[in-house]
Amino acid sequence: MSRRVVRQSKFRHVFGQPVKADQMYEDIRVSKVTWDSGFCAVNPKFVAIIVESGGGGAFMVLPLHKTGRVDKNIPLVTGHTAPVLDIDWCPHNDNVLASASEDTTVMVWQIPDYIPTRNMTEPVVTLEGHSKRVGILTWHPTARNILLSAGGDNVIILWNVGTGEALLTLDDLHTDLIYNVCWNYNGSLFVTTCKDKHLRIIDPRKRLVVAEKVAPHEGMRPMRAVFTNDGLVFTTGFTRMSQRELGLWDPKNFEEPIALQEMDTSNGVLLPFYDPDSSIVYLCGKGDSSIRYFEITDEAPYVHYLSTYSSKEPQRGMGYMPKRGLDVSKCEIARFYKLHERKCEPITMTVPRKSDLFQDDLYPDTPGPEPALEADEWLSGKDAEPILISLRDGYVPVKNRELKVTKKNILDSRPPVGPRRSQSTCDTNFSRSAFEELLEEIKSLRQTVQAHEKRISDLENKLCQFTNGTD
């Protein structure tokens, strides 16, 4: 009889562990909106959570160290007029957060290092371009200030947050609701899943679908897809019999999957969180009480089950910490922020090691906070790998860097073409569009005032008639 050889892997014994009770965030009213996003976003400085709020949409931002019971009067971020559906931290500035809402807008916020004394209502910039609710946000991994949003209008817009303008609008590539969007490692392509059961690899600068797979999972329920760092696509979905399923695909040959595995019959959508440094993918189902994790390798069966972290309570949402926010001294390779109905519970994933020394094999250099490209460079066709940093001495978050927004359409600072004119003439031409906008606004306000004055006059006449009748 041949003995079964156990596969060698340094991640075979990874185990998940919740933090102690005093390191959780208690007394939080987590949003009850039915939308399949994580409802939580974390970085090395803050944890942000979408919460229930009357009269609009709101989320809470807490410094990571501010654990324990959260004051019920703590200030919230309350700029949206309808529920918030997704939030995402900028990878190149730990104080900048984007939020998407049912009110069709995307807002970008500058979060201060201290807890403000009142609700934040004024974003740095509001991005308006979608005609229906916006449910998906994801920042470009290597270019500064590029943010992607996808809405219920089946449109994807790429924004330059630094100018407040839409760079690219992709409005004819999807025929139905977009379920998720994920950039590849250097941000040259992204993958989308859609209600029309198509998985698409898109080159946004060419506005082209460069590869497509119809029904990678045959079931009707939502799919998810993420890029691995070597260009493969990992998917989660459902079989025709409503079993949950995972798949691994090569976009160069979509005919046959590299791997396809059935899992269980639960109906929660599996949200995949992929770590490019370790090639581990973590699957968190909304409504599940477990996190399964798998290692992706180039040996059959290619997607290797590692283990499952189980708990008693189901998760309402999940946040995933970037690598630079982890504790390398404890061999922590991932940290999740699990949302319950009334609290947020950090869960650490650790590789058991006896040595206290820095483990080079667990922590290769990882993407840091500096962008590799400017927005204009990326738009002109340049690509660049992320700028990597070493975690040998741990990572210290950078101090608050302000996001400056310069709106090009109003502050167009190009010098005038032709002979030089006097300063006063230049100023007049320079601000012509702004001047006309102001005139239009004054005209509109005057019309509104006249309408109100007429209404007041009518009401006063009625009041006089009523008074005379009473006499």
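In this predicted model, the largest pocket is lined by 18 residues, and those nearest its centre are V19, Q23, K330, R335 and T348. Three elements each give two or more residues to this lining, namely strand 1 (15–18), strand 29 (332–339) and strand 30 (343–350). The space in the largest pocket comes to about 480 Å³. In chemical terms, its lining consists of seven nonpolar, six polar and five charged residues.

The second largest pocket has a volume of about 300 Å³. Its lining counts 21 residues, with R29, V51, E52, K72 and L76 closest to the centre. Two elements, strand 5 (57–63) and strand 7 (77–80), give two or more residues to the lining of this second pocket. The top contributor is strand 5, which gives three residues. By class, the lining of the second largest pocket splits into seven nonpolar, eight polar and six charged residues.

Enclosed space is also worth a look. The structure holds five cavities of 30 Å³ or more. For the second largest cavity, the volume is about 110 Å³. Thirteen residues line this cavity, and V61, P75, I111, I115 and P116 lie closest to its centre. The class count for the lining of the second largest cavity is 13 nonpolar, no polar and no charged residues. A reader setting this beside the pockets will recall that the lining of the largest pocket includes five charged residues, while that of the second largest pocket includes six.

Attention now turns to the sheets. Four strands form an open sheet in the order 12-13-14-15, and their pairing is antiparallel. At the edges of this sheet stand strand 12 (134–139) and strand 15 (165–170), each of which pairs on one side only. On average, and with direction ignored, neighbouring strands here are turned by 25° against each other. Within the sheet, strand 14 (residues 156–160) runs antiparallel to strand 15 and is joined to it by five bridges. One such contact can be followed by residue: L158 has L168, in strand 15, as its bridge partner.

A further open sheet of four strands has the order 16-17-18-19, again with antiparallel pairing. Strand 16 (178–183) and strand 19 (208–214) are the edge strands, each pairing on one side only. For this sheet, the average turn between neighbouring strands is 20°, direction ignored. Five bridges connect strand 16 with strand 17 (residues 190–194) in the antiparallel sense. In that context, V181 stands opposite T192 of strand 17.

Annotation adds another view of the chain. An unreviewed UniProt entry carries the annotation "repeat: WD" for residues 77–111 and for residues 127–169. In the model, residues 77–111 are 0% helix and 63% strand, with the end C-alpha atoms 9 Å apart. Residues 127–169 are 0% helix and 56% strand, and the C-alpha atoms at the two ends are 13 Å apart.

Two individual residues round off the picture. R133 is placed in the loop between strand 11 (125–128) and strand 12. Because the relative accessibility of R133 is 30%, this residue counts as partly exposed, a class that spans the range between the 20% and 50% cut-offs. The C-alpha atoms of R133 and P346 are separated by 30 Å, and the two residues lie 213 residues apart along the chain.

I201, by contrast, lies in strand 18 (residues 198–203), one of the strands in the 16-17-18-19 sheet. With a relative accessibility of 2%, I201 counts as buried, because that class takes in values under 20%. Between the C-alpha atoms of I201 and M60 the separation is 34 Å, for a spacing of 141 residues along the chain.

Technical notes. Residues numbered from 1 in each chain as written. Predicted model: local features only at pLDDT ≥ 70, side-chain atom pairs only at ≥ 80, totals over all residues. Heavy atoms only, no water. 1 Å grid on protein atoms, 1.4 Å probe; cavity = no way out; pocket = protein on both sides within 12 Å on 5 of 7 lines; lining within 4 Å. Points joined across faces, edges and corners; volume = space filled by probe spheres on them. Nonpolar A, V, L, I, M, F, W, Y, C, P; charged D, E, K, R; others polar. Pairing = 2+ DSSP bridges. Axes fitted to C-alpha atoms, helices over the stretch in contact; angles between N-to-C directions. UniProt positions renumbered as here; feature names shortened; annotations may be inferred. Buried < 20%, exposed > 50% of the residue type's maximum accessible area, 1.4 Å probe, protein only.
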